Amino acid sequence: MIINEFKTEKELFNTYPKKLHWYLKDIFNDYWFDFLDFAEKKKITIRNVVKRDVSRMIQCKTKALGASVFKCPNCGEEKFVYHTCKSRFCNSCGIKYSKQRALSIESKLLHCTHRHLVFTISDLLWPLFLEDRNRLHFMFQAVSQTLLSWYHEQYKHLKLTPGFILTLHTFGRDDKWNVHIHYLLSEKVLGNNMEKKMDFIPFYMLRKRFQKILLDLLEKDIGKTKFIPIKNKVYSLSQNGFYVRAKKNEFPDSKKAISYVLRYCGRPCFAEYRIIDIDNKDFISFWYQRHEDDFFVVEKIHIFDFMARLIRHIPDDQFKMIRYYGFYASKKHKLYHSARKLIPEFKLAFKKSMNTWRNLLVTSFNIDPLLYPKYNSTMIFDYGFS
């Protein structure tokens, strides 16, 4: 591995001027089967869901997944629009999924201030979640229990509960395995017959309680004999609990704060614009901005190491990376229905229509894929095949 560091983005791009735009789809198309042979020789297990999602990404927007055929109403000219893979691992489909998921979340939110929290854990624990992905459920469990138990203790007689949404991320800025939770918390709580603004949360409580609940869950799953040495080391290195970012909103406008947080929901694990180059020896160079000091870091690693780093973040089939709790859970609180929503009902249908395939292309790139310039007419759906 080769690493170079730069203080500014300008220094980075002066040293590594952008020549080409590399696409993950093309990279995996070129190297995937060689990678599978390499993994087999090294006895590295590749999950079935990874093979499926990568295969679908490679086939995205090709005949292999079928197409919808549109026809000009004037001359009968046909246009084939090849189907997408709809995999969250595919950057093209993942960005669309991210926008749709953000709107889905936004449509559930109350019109009130929300706070963005981040729950992190000791890096000593990261391998345990990679060893058994079912343990990722414990992250949701520990975070939700931390908040709900505190609210229950403080307001037991009023039965006040917040609404919150958790998003699991398994990657850091360098795309290595780094398990943490992004947390969108309402600063309004609802009770049986009342609502109340609540913007105080004891920071120290979050750190210590979250740490204890998660470690207890892991100990129960792994067993005392194997886990106690790890648990003791974690406690000795994290005596103040795990790091939890819980600052108050830096945004004067609540909607801007929510939009900022929602960009984390369902986004692909790697942004293609960060790829600098792939040389003729099969080494890839890419950059990221390091969280600790905001330096711009360039890594150069073998393409197989790069692929192995990315496919780790493909979730297991049916695993929910975003979950709802409190009055945002599926069984709504009785006061939730009458409370003012962030997006009024009459605006929601319009916003959803803007997330369709055609409208996303129009709004993002000013390209109407169904406009037939010869007659300035809109092509209409004729038939489809898969």
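**Exercise 1. The second largest pocket**

In this predicted model, find which helices each supply at least two residues of the lining of the second largest pocket, and which element gives the largest share.

Solution.
Step 1. Two helices meet the condition: helix 2 (24-41) and helix 10 (303-311).
Step 2. Helix 10 contributes four residues, the largest share of this lining.
Step 3. In total, 14 residues line the pocket. Those nearest its centre are Ile44, Thr45, Ala308, Ile311 and Arg312.
Step 4. The space in this second largest pocket comes to about 250 Å³.

**Exercise 2. The surroundings of helix 10**

Decide whether helix 10 is mostly covered or mostly open, and state what covers its buried residues.

Solution.
Step 1. A residue is buried when its relative accessible area is under 20%.
Step 2. Seven of the nine residues of helix 10 are buried, and the helix is mostly covered.
Step 3. The buried residues are Ile303, Phe304, Phe306, Met307, Arg309, Leu310 and Ile311.
Step 4. The cover over them includes helix 2, helix 3 (48-59), strand 10, strand 11 and strand 12.

**Exercise 3. Strand 11 and its partners**

Explain why strand 11 (residues 283-289) is described as largely enclosed, then trace its pairing with strand 10 and with strand 12.

Solution.
Step 1. Strand 11 is largely enclosed by the rest of the structure because five of its seven residues are buried.
Step 2. Strand 10 and strand 11 run antiparallel and are joined by three bridges. Within this pairing, isoleucine 275 stands opposite phenylalanine 286 of strand 11.
Step 3. The hairpin of strand 10 and strand 11 has four residues between the strands, and aspartate 282 there takes a positive phi near 65°.
Step 4. Strand 12 (residues 296-302) is also antiparallel to strand 11, with seven bridges between them. Phenylalanine 286 has glutamate 299 as its bridge partner in strand 12.
Step 5. Strand 11 and strand 12 form a hairpin too, with six residues between them. In its turn, aspartate 294 has a positive phi of about 65°.

**Exercise 4. Arginine 274**

Locate arginine 274, decide whether it is buried or exposed, and list what its side chain reaches.

Solution.
Step 1. Arginine 274 sits in the loop between helix 9 (254-262) and strand 10 (275-278).
Step 2. The relative accessible area of arginine 274 is 8%, so this residue is buried.
Step 3. Its side chain makes a polar contact of 2.6 Å with the side chain of aspartate 175. The side chain of arginine 274 also reaches the backbone oxygen of tryptophan 287, at 2.7 Å.
Step 4. Beyond its neighbours within four places in sequence, arginine 274 is in contact with Arg173, Asp175, Cys269, Ser285, Phe286, Trp287 and Tyr288.

**Exercise 5. The five-stranded sheet**

Give the strand order of the open sheet of five strands, name its edge strands, and say which strands helix 4 and helix 7 touch.

Solution.
Step 1. The order is 9-4-6-5-13, with antiparallel pairing.
Step 2. Strand 9 (244-245) and strand 13 (322-326) are the edge strands, since each pairs on one side only.
Step 3. Strand 13 is joined by five bridges to strand 5 (residues 163-171), and the two run antiparallel. One bridge pairs threonine 167 with isoleucine 322 in strand 13.
Step 4. Helix 4 (residues 91-106) packs on the sheet and touches strand 5 and strand 13; its direction makes about 5° with that of strand 13.
Step 5. Helix 7 (residues 203-222) packs on the sheet as well, touching strand 4 (114-120) and strand 9. The direction of helix 7 makes about 40° with that of strand 4.

Note on methods: Residues are numbered from 1 along each chain as its sequence is written. This is a predicted model: local features need pLDDT of at least 70, side-chain atom pairs count only at pLDDT 80 or more; totals for chains, interfaces and linings use all residues. Side-chain values use heavy atoms; hydrogens and water are left out. Buried means under 20% relative accessible area, exposed over 50%, partly exposed in between (1.4 Å probe, protein chains only). A polar contact is a pair of N or O atoms within 3.5 Å; within protein, one must be able to donate a hydrogen and the other to accept it, and residues adjacent in sequence count only if both atoms are side-chain atoms. Contact means heavy atoms within 4.5 Å. Two strands pair if DSSP finds at least two bridges between them. Axes are lines fitted to C-alpha atoms, for helices over the stretch in contact, and angles run from 0 to 180 degrees between N-to-C directions. On a 1 Å grid over the protein atoms alone, a cavity is a set of points where a 1.4 Å probe fits but cannot get out, and a pocket is an open set with protein on both sides within 12 Å along at least five of seven lines; lining residues have an atom within 4 Å of a point. Grid points are joined across faces, edges and corners, and a volume is the space filled by probe spheres set on the points.
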